[in-house]
Amino acid sequence: MIKQLCHIGARHSAEQTENQDALCFGENDRYTVISLADGVSTCKEAKAGAEIASRAVTELLLKKGDYFLEFDRDQIAEFIIAHIFYELKQKAQADLQEVEAYSSTIASVLFDKKTRRLLCFSLGDSLIAATDSGGYRVMIRPADSTNGCCVTTTEKASLLAQVNKTNVGTLDTILICSDGAWGQMYQNNRLKPEVSGMLTAHRLDELREYLIRQNGADDYSFISMNFDQSV
Amino acid sequence: MRANGTITRRMHSAFSGLEGEFKALYDRRIFETRLEDLKRVGSTSARPSKLQKLYDLFEDCGISFEKNRETEYYEELIKKADIPFVQDLEERMIYAVYRKYEQYPAPEDYMKRMVDRLSEEEDHWEDDTLRLRILKQFIKYGNYLKDAGYGGKKAVQDYVKDKIAAAEGKDKAKIKVTDEDVLKLLDDGVFDCLLTATKDQKKHTLALLKIADDLGSAKFLTQCATKKQLYLFAMVYGMTYFTGSEAELQDPKTDIEINLFRDYYTNNLIRFLRFCSESDEQGDHERNKQGDYERDPSGQGINYKNFAEIVCLYYIVQDCSPQEKIRRSYEMIKRVQQSTAEKKFPEPMKDESETIYYKRYARIGDDEAFEDILHLPEADFEEFICTHYQTEKGTLSSVWQVKSEQKSAYKTYEMILNDLLDLDEGLRKRSFEILRRPEESSPEDRLSDELLDTFPVGLWFIDVKSDEEELFHTLCEKHTDVDRKKFKELMTLLKNMNDFLKERVIEDLKALCDPEEPSVRTTPEKISRTVLIAAYYYYYIVNFVDNHDGRETSFPELFKRFQKDIADRLESAYYMPLDSRNIFDVLIVFSAYAYLNL
């Protein structure tokens, strides 16, 4: 089962601009893929860029899941980034724009229902985390964005992408959060107790309500997948 | 996502340090060498790899080219392209360093950025001076640091009372002020008293003002005093410590290790290199003569062997107010010392364990034998400290100095020096012979001739480009944006760095070459990240010259290789990795590059 939230932040709302996060979900007989892209605010076509990136990576992983689950870290990163960049460039050329106008972060999870293997990929400051029998663990930490972080149009971005391949094992749910969302869920490096309760009890509808109540400045989004109910 | 500083393709590459600036700095010889290689292999199977090397050069320099063309095509392309000769390249390199240096923030700017980031918006102190903002933070969130034993509340309140008395014509003795009044009326004039204060006053009755002043100008104090200050700063600004738990996130914006023990060091290192041989406007040099400030910031991160630091980390991790964190940590430090004096617990084993052993207690790893002490209940944690850490201060002047020697770093340093001498069997002997020449000749004379054949004496920029005035004029002819003051500042930094290399590493090598008593002068107490990198710099050049032809290496390639090769050594010494944002690191590697390529 997929749950999601994609909400405009208070700042964009006040500025009457659009929500620049984009979510994507795809499934076939073998694989389930979820993706989240967070457009760079100052980029003119950030929303379109985020949509293209999340759709491109979802389609690629669904189509070539078997390859990606066999690839090593560098191959995964290089293929995904090159594919997204190609798609962005096509769009930029068609619209007579610079490709940088379409910059976004990108994070994605591929689940192989047959072998119950999992591939997590992230470029930028999104968080990928999972819950298992009452516990919570971080699968991919957000990149440091204090001095700027890498996005889909950064040169040599694949070098800074993060990849985590693992077996599902005892994990039951995995979720990708944009920085606007996890920023509201954490305090002093740790999950806020109320958020921790929601996650470990799989009360993701409550998490959705909680984030909306917090109404953070930045756009806030998450997309989650429950492994047992994803078929 | 917020756009601040996000790296898009146009703004920067993924590696946004100085190496990017030097990316295209190849001279014509490198092109010619690669062309020769291509001609030599003819149409054999080695051709594609030689071609690729040439393509890389064209790409790095932004020269348009077609792939898989005949050799003559590339020869013609190189002839026509605007590729600099060696002399031009030297100037371009200095100019690139100058441009980067110009943008490099001063330590106080760095501190300001951190304070801006960590301040509560509701306080609205952004128009105050930096030291005043820090002082107000200590007052509001740290209760004047009274619980940490800092005096100064009276001086601050008296200053505000004087201000009210003068403005309203009231009798000062009858004026009562609240913290709210203090925060509202305090201005930078409160620091004036420091100018005439005695050392004793600064230590006691004006200690609060002194700490705000020191932190506001981002200076490293000796005898681990800065460590104590940094932990207090971290607590009042709500900084965080990452324990390594798999449920935790490390917040780079508030992380104490990243912000205070890495970047703070980097910025102070530049200060040291800028003023270590001449006076600056604030009289740092004069004050440094009195031994107030560290000469060469050690670069030591969190000292996991020091119990006081671990106690502070414990409370930084706990969920309580900054004031509570300060009060409870200082109370625990006192109780632990008391327990030690009263011998309440069996003495911890006199162990010589290295930092890694203690680090595992505070940064949870895979080793289950180590307890996650930062998440223990308070009483259990205290007992653990009493039974596992050396808490006896002995003759040291503060608890922050306990176990402050850097054995791991020292060991690594010694190993590098020995590796360097082992590279060339004759080097140890020859070096000693050169170095023991009569004192009447200058150190450079003694070192130059033979030793220079084997490795350089200092920094390439100074060895090669010693005429500052000539260089300045050459640069001014080509660029209109070279500021004389800034350029002079950079040249001072380079000269100081050059002196530093000679003084510390060469002196230690000299001592090590003495067959009668081989020992280095740098001690575990004096070792620093800078010295370690400097030693490795010599090792790298000699090793590289022995094993490779450095002329085919681009700066980014060399930087990455140097970074990779030194990584283990820095890690085993508990120093931060080589960082392209650190101007010292970049200049060192760049100097190696220049020696190997020019």
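I began with helices α2 and α3 of chain B, and noted that α2(B) passes α3(B) in a left-handed crossing. The model I am looking at is a predicted one.

**Entry: α2 and α3 of chain B**

I looked up the extent of the two helices: α2(B) covers residues 28–41 and α3(B) covers residues 47–60. Their axes come within 9 Å and cross at roughly 160°. Angles over 145 degrees count as roughly antiparallel, so I entered α2(B) and α3(B) as roughly antiparallel to each other.

I then listed the residues that meet. From α2(B) I wrote down B:Ile30, B:Phe31, B:Arg34, B:Leu35, B:Asp37, B:Leu38 and B:Val41. On the α3(B) side, their partners are B:Arg47, B:Lys50, B:Leu51, B:Lys53, B:Leu54, B:Leu57 and B:Phe58. Sorted by class, this contact of α2(B) with α3(B) holds nine nonpolar residues, five charged ones and no polar ones.

**Entry: α3 and α4 of chain B**

I moved on to α4(B), which runs over residues 71–80. At what angle do α3(B) and α4(B) pack? I found about 20°, with the axes 13 Å apart. Angles under 35 degrees count as roughly parallel, so I put α3(B) and α4(B) down as roughly parallel to each other. I also noted a left-handed crossing where α3(B) passes α4(B).

In this contact, α3(B) supplies B:Arg47, B:Leu51, B:Leu54, B:Tyr55 and B:Phe58. They meet B:Thr71, B:Tyr74, B:Leu77 and B:Ile78 of α4(B). I counted the classes in the contact of α3(B) with α4(B) as seven nonpolar, one polar and one charged.

**Entry: chain B as a whole**

I looked up the secondary structure of chain B and found 29 helices and zero strands. The chain has 598 residues, and 53% of them count as buried. Chain B exposes about 27700 Å², with 47% of that area supplied by carbon and sulfur atoms. I also checked contacts between residues at least 6 apart in the sequence of chain B: 72% of these join residues at least 24 apart.

**Entry: B:Gly244**

I located B:Gly244 in the loop between α13 (225–236) and α14 (256–275) of chain B. Is B:Gly244 buried or partly exposed? Buried means under 20% relative accessible area, and B:Gly244 has 23%, so I entered this residue as partly exposed.

Setting aside neighbours within four places in sequence, I found B:Gly244 in contact with B:Arg363 and B:Ile364. I also looked up B:Leu475, which is 231 residues from B:Gly244 along the chain. The C-alpha atoms of B:Gly244 and B:Leu475 are separated by 49 Å.

**Entry: two positive phi values**

Most residues other than glycine have a negative phi. I noted two residues with a positive value.

In chain A, I looked up A:Asn215, whose phi is near 45°. A:Asn215 lies in the loop between α6 (204–214) and β12 (220–226) of chain A. With a relative accessible area of 38%, A:Asn215 is partly exposed.

In chain B, I looked up B:His124, whose phi is near 55°. I placed B:His124 in the loop between α6 (107–118) and α7 (130–142) of chain B. The relative accessibility of B:His124 is 59%. Exposed means over 50%, so I recorded B:His124 as exposed.

How values were computed
Residues are numbered from 1 along each chain as its sequence is written. Chains are lettered from A and ligands numbered from 1 in the order in which they are written. This is a predicted model: local features need pLDDT of at least 70, side-chain atom pairs count only at pLDDT 80 or more; totals for chains, interfaces and linings use all residues. Side-chain values use heavy atoms; hydrogens and water are left out. Axes are lines fitted to C-alpha atoms, for helices over the stretch in contact, and angles run from 0 to 180 degrees between N-to-C directions. Helices (H or I, at least four residues) and strands (E, at least two) are DSSP runs, numbered from the N terminus. Angles under 35 degrees count as roughly parallel, over 145 as roughly antiparallel, 65 to 115 as roughly perpendicular and the rest as oblique. A crossing is left-handed if the near helix is turned anticlockwise from the far one by less than a right angle, and right-handed if clockwise. Contact means heavy atoms within 4.5 Å. Ala, Val, Leu, Ile, Met, Phe, Trp, Tyr, Cys and Pro count as nonpolar, Asp, Glu, Lys and Arg as charged, and the others, Gly among them, as polar. Buried means under 20% relative accessible area, exposed over 50%, partly exposed in between (1.4 Å probe, protein chains only). Accessible areas come from the Shrake-Rupley method with a 1.4 Å probe; for residues, only the protein chains shown count as cover.
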